[in-house]
Amino acid sequence: MSRSIRPDAVMVQAVIAGALSFAHLHDLADAAGQTGWKAWAYPISVDLLLVAAWRRLRTARRDRSAWTWFVIALVASLGANIATAGLLDLNAVPAWLCILVAGWPALAFLGGTLLVHSTPATPVAPTQPVKDEPAPQEVEMQRTDEPAPAPAPEPAPELTAAPPKPPASAPAVPVALLDHARKIAEAHRASTGSPMPAADLSARLGLPAPMTDAITTQLQLA
């Protein structure tokens, strides 16, 4: 069952406005020297550019080129309606208006081509900020939570006696953390000429007291 078309006030008004605008554009083009079929082609060219710009605006509201061509086509249509309302002598059209009417087909073709083949700019997706990598000291502190067995540490170069084994209750010290503490102690000894105190090493590493005691015991710091 086909749907019946019921004309309403808006449709009737659109038909009347389109017919009057079409006639005004034809009369202006005919008065400007475009006679015959050429005068009938001008209203079609103006209305097609207006429709093309409006369709582009429906998909891209912020497209400046679509707004530009929409305004150009609207000015051409309104200008013809106003000019033929008695404000312009159609028997003596000025030369500048004849030039505009003669150059309109090229302008309309350029606008229609740009509206059809150009693509609106898409917003660039914001890049996610790169997270800062943890400092080496933080990585060493995170490794202390891993339950890894502590192998027998090598004796420090400045010590002659073998390091005593830590008490059974002492926490296990990772090899990487022990090597890091040994490098700090060696640097302190090289710069000052004396062993590094255990309190200074504890403050430098920033570790809990049981872990610091286990490190200083293995390194035999004074």
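This report walks through a predicted model of a single chain, from its overall fold to a pocket and two residues.

## The overall fold

Let's start with the big picture. The chain holds 8 helices and 0 strands, so if you trace the sequence from one end to the other you read α-α-α-α-α-α-α-α. Of the 222 residues in the chain, 25% are buried.

How do the contacts spread along the sequence? Take the contacts between residues at least 6 apart: 67% of them join residues at least 24 apart. As for the outside, the accessible surface comes to about 15,500 Å², and carbon and sulfur atoms account for 64% of that.

## How far to trust it

Before you zoom in, a word on confidence. The mean pLDDT over the chain is 74, and 71% of the residues score at least 70. Among the elements, helix H2 has the highest mean pLDDT, at 87, while helix H5 (residues 136-143) has the lowest, at 53. Where pLDDT is low, don't read the predicted coordinates in detail.

## The annotated transmembrane stretches

The unreviewed UniProt entry carries the annotation "transmembrane region" for residues 66-88 and 94-116. What does the model show there? Over residues 66-88 the chain is 96% helix and 0% strand, with 30 Å between the end C-alpha atoms. Residues 94-116 are also 96% helix and 0% strand, and here the end C-alpha atoms sit 34 Å apart.

## The largest pocket

The largest pocket has a volume of about 400 Å³. The elements giving two or more residues to its lining are H1, H2, helix H3 (64-87) and helix H4 (95-117). Which helix gives the largest share of the lining? That's H4, with 7 residues.

In total, 19 residues line this pocket. If you want to find its centre on screen, look for Leu28, Ala76, Leu97, Leu100 and Val101, the lining residues that lie nearest to it.

## Glutamine 34, in a loop

Now for a closer look at one residue. Glutamine 34 lies in the loop between helix H1 (9-31) and helix H2 (37-59). Is glutamine 34 buried or exposed? Its relative accessible area is 14%, which means that it counts as buried, since the cut-off is under 20%.

Leaving out residues up to four places away in sequence, glutamine 34 touches Ala29, Ala39, Tyr42, Val101 and Ala102. One of these, Val101, also turns up among the residues nearest the centre of the largest pocket.

## Threonine 212, in helix H8

Further along the chain, threonine 212 has its place in helix H8 (residues 209-219). Threonine 212 is buried too, because its relative accessible area is 4% and the limit is under 20%.

What does threonine 212 touch? Not counting residues up to four places away in sequence, the contacts are Ala198, Ser202 and Leu207. Leucine 201 is worth a look as well: leucine 201 and threonine 212 are 11 residues apart along the chain, and their C-alpha atoms are separated by 7.9 Å.

Key. Residues numbered from 1 in each chain as written. Predicted model: local features only at pLDDT ≥ 70, side-chain atom pairs only at ≥ 80, totals over all residues. Heavy atoms only, no water. Helix = DSSP H or I, 4+ residues; strand = E, 2+ residues; numbered from the N terminus. Buried < 20%, exposed > 50% of the residue type's maximum accessible area, 1.4 Å probe, protein only. Contact = heavy atoms within 4.5 Å. Areas by Shrake-Rupley, 256 points an atom, 1.4 Å probe, with all protein chains shown as cover. pLDDT = per-residue confidence, 0-100. UniProt positions renumbered as here; feature names shortened; annotations may be inferred. 1 Å grid on protein atoms, 1.4 Å probe; cavity = no way out; pocket = protein on both sides within 12 Å on 5 of 7 lines; lining within 4 Å. Points joined across faces, edges and corners; volume = space filled by probe spheres on them.
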